[in-house]
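Biologist: Before I trust any labels, I'd like to go through how each one was earned. Can you show me the model?

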Amino acid sequence: MTKSQDVDYIIIGQGLAGSAVAFQLLTMKKRILVIDQPLNNTSSRIAAGLFNPITGQRVVKTWMADRLFPYLHEYYRGVEEVSGEKFLYPMQLYRPFGSFAEQNEWMAKSAGPEFEAYIEDISTRATYPNVNDVYGGLLVRQCGYLDTKCYIESVRKLIAREAIFLDEEAAENDLSILPEGIRYKHYHAGKIIFCNGTHRNKWFDWLPIRPLKGETIRILSSHQQELIINRGVYIVPAHDGGDWRVGATYNLQDNNVGISEDARRELVEKMKELVNFPFNIVGQEWGLRPTTPDRRPILGRHPELRSCFIFNGMGTKGVSLTPFLSEMLIRSIEKGEAINKEVDIERYKLLYWSSPK
Ligand SMILES: Cc1cc2nc3c(=O)[nH]c(=O)nc-3n(C[C@H](O)[C@H](O)[C@H](O)COP(=O)(O)OP(=O)(O)OC[C@H]3O[C@@H](n4cnc5c(N)ncnc54)[C@H](O)[C@@H]3O)c2cc1C
């Protein structure tokens, strides 16, 4: 008979969410067991990894940017140092203006303190060769991209070295979540944190986490560019002479598995509106983002099961949200500190009490 083994935490899923939770707990010297079975299209592994503090169709400062962005640089640098691997690529982002009106709007906005930390420069005329920027554009700092696959693999190696990692599907039948603790096969834990993305499970299936399909293409180009270009799509240059990433599509209606011709056409058309250098498409990927109706992540304790927690709903911004929010979740569990109300699972608890048991 296998001897039972005690850990402090079980973590289900090791995408961007589970990686951040696991790293924070390892830093605190907690004993952890991480269970993850990734698929080829796991969202975190196919993401272009972009982080950008000025986003959205209305082009505003992203939610909590002043807290999230300084923290993310420090966090990923910390993981790089411990793992000895490189995956964080800070890089300025250029957003061409679409009109003189937009140019004027940004000239006015940039005079105030709100955007001071993020605006490197504003150009009022075409500035970059091969970019369609007749009205000039906004040069944004504190941006860049994370090589998500390399980051997740690096954290996985750390977990395997310093804790316990199981590359398998954690079946519901193998998990018991009881008041006295968690049991998974021969492992016993004090607490469990679900970082399972769009995979459903019976403990949290009452939460409104919806999959939002997205696709990206990979291109090769001889063009040289040390800048992310973004308007309608983002174009992220390669760091090692390899593939560039262009993305992403957003399609709530498309429930089909796999890549699509429509998405490829949409990305190519948008790219050609934005830049005019030659490129070849060498790949295409798809994945499902875990999104929520109010576009905020969900973190905190299950309404009834005191040792059971969730860290999910990262939507389109897993790279920038998971470092800061994983610390917030763990401080709430370990030290009883409050979770920001906008991301607290508490806001959905009525759904739990009204769901069939
Ligand atoms: C096309 C596309 C482009 C994107 N680009 C960006 C970008 O540029 N920047 C950005 O910040 N975000 C981007 N995103 C969003 C980002 O990918 C998500 O926010 C993030 O990956 C969500 O991470 P997660 O860990 O919550 O979920 P996931 O990545 O889905 O990870 C969950 C993991 O848990 C595992 N799992 C679940 N249940 C079990 C179980 N029972 N047993 C074992 N394993 C389990 C899954 O297999 C998976 O490995 C993009 C997403 C898509 C689809």
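Modeller: Let's start at Q284, keeping in mind that this is a predicted model. Leaving aside neighbours within four places in sequence, Q284 is in contact with E215, T216, I217, I259, S260, A263 and R264.

Biologist: Where is Q284, and why is Q284 called buried or exposed?

Modeller: Q284 has its place in strand β19 (residues 280-291). Its relative accessible area is 15%, and buried means under 20%, so Q284 is buried.

Biologist: What makes the link between the side chains of Q284 and E215 a polar contact?

Modeller: The distance is 2.8 Å, and the cut-off is a pair of N or O atoms within 3.5 Å. A polar atom of the Q284 side chain also lies 2.9 Å from the backbone oxygen of S260.

Biologist: E215 comes up with D254 too, right? What does D254 touch?

Modeller: D254 touches K213 and E215, not counting residues up to four places away in sequence. With K213, the side chains make a polar contact at 3.0 Å, again to be set against the 3.5 Å limit.

Biologist: And how do you know whether D254 is buried or exposed?

Modeller: D254 comes out at 16% relative accessibility. The bound for buried is under 20%, so D254 counts as buried. D254 lies in the loop between β18 (244-247) and α6 (261-274). From D254 to P211 it's 43 residues in sequence and 9.9 Å in space, C-alpha to C-alpha.

Biologist: On to the rings. How many aromatic pairs does the search find?

Modeller: A search of the whole structure finds 17. Y89 and Y145 form one of them, with centres 5.2 Å apart and 15 degrees between the planes.

Biologist: Why is the pair of Y89 and Y145 called stacked?

Modeller: The 5.2 Å separation meets the 6.5 Å limit for a pair. Planes under 30 degrees apart count as stacked, so 15 degrees makes this a stacked pair. The pair links distant parts of the chain, 56 residues apart: Y89 is in strand β6 (residues 88-90) and Y145 in strand β10 (residues 144-146). Both Y89 and Y145 are buried.

Biologist: What makes the pair of F204 and W206 tilted?

Modeller: Their centres are 6.4 Å apart and their planes at 35 degrees. Stacked needs under 30 and edge-to-face over 60, so at 35 degrees the pair is tilted. F204 and W206 are both buried, and they belong to one aromatic cluster with F194, W203, Y352 and W353.

Biologist: How do you know that K86 sits over the ring of Y89?

Modeller: The charged end of K86 is 4.5 Å from the ring centre, against a limit of 6 Å that goes with an angle limit of 35 degrees from the ring normal. K109 lies over the face of W106, at 4.2 Å from the ring centre.

Biologist: Back to β6 and β10. What makes β3 and β6 edge strands?

Modeller: Three strands form an open antiparallel sheet in the order β3-β10-β6. β3 (50-51) and β6 each have a single partner strand, so one side of each is left without a neighbour in the sheet.

Biologist: And why do β3 and β10 count as paired?

Modeller: Pairing needs at least two bridges, and two bridges join β3 to β10, so the two strands pair. In β10, Y145 is the bridge partner of L50.

Definitions and conventions:
Residues numbered from 1 in each chain as written. Predicted model: local features only at pLDDT ≥ 70, side-chain atom pairs only at ≥ 80, totals over all residues. Heavy atoms only, no water. Phe/Tyr/Trp six-rings, centres within 6.5 Å; stacked < 30°, edge-to-face > 60°. Helix = DSSP H or I, 4+ residues; strand = E, 2+ residues; numbered from the N terminus. Buried < 20%, exposed > 50% of the residue type's maximum accessible area, 1.4 Å probe, protein only. Polar contact = N/O pair within 3.5 Å; in protein donor to acceptor, adjacent residues only side chain to side chain. Contact = heavy atoms within 4.5 Å.
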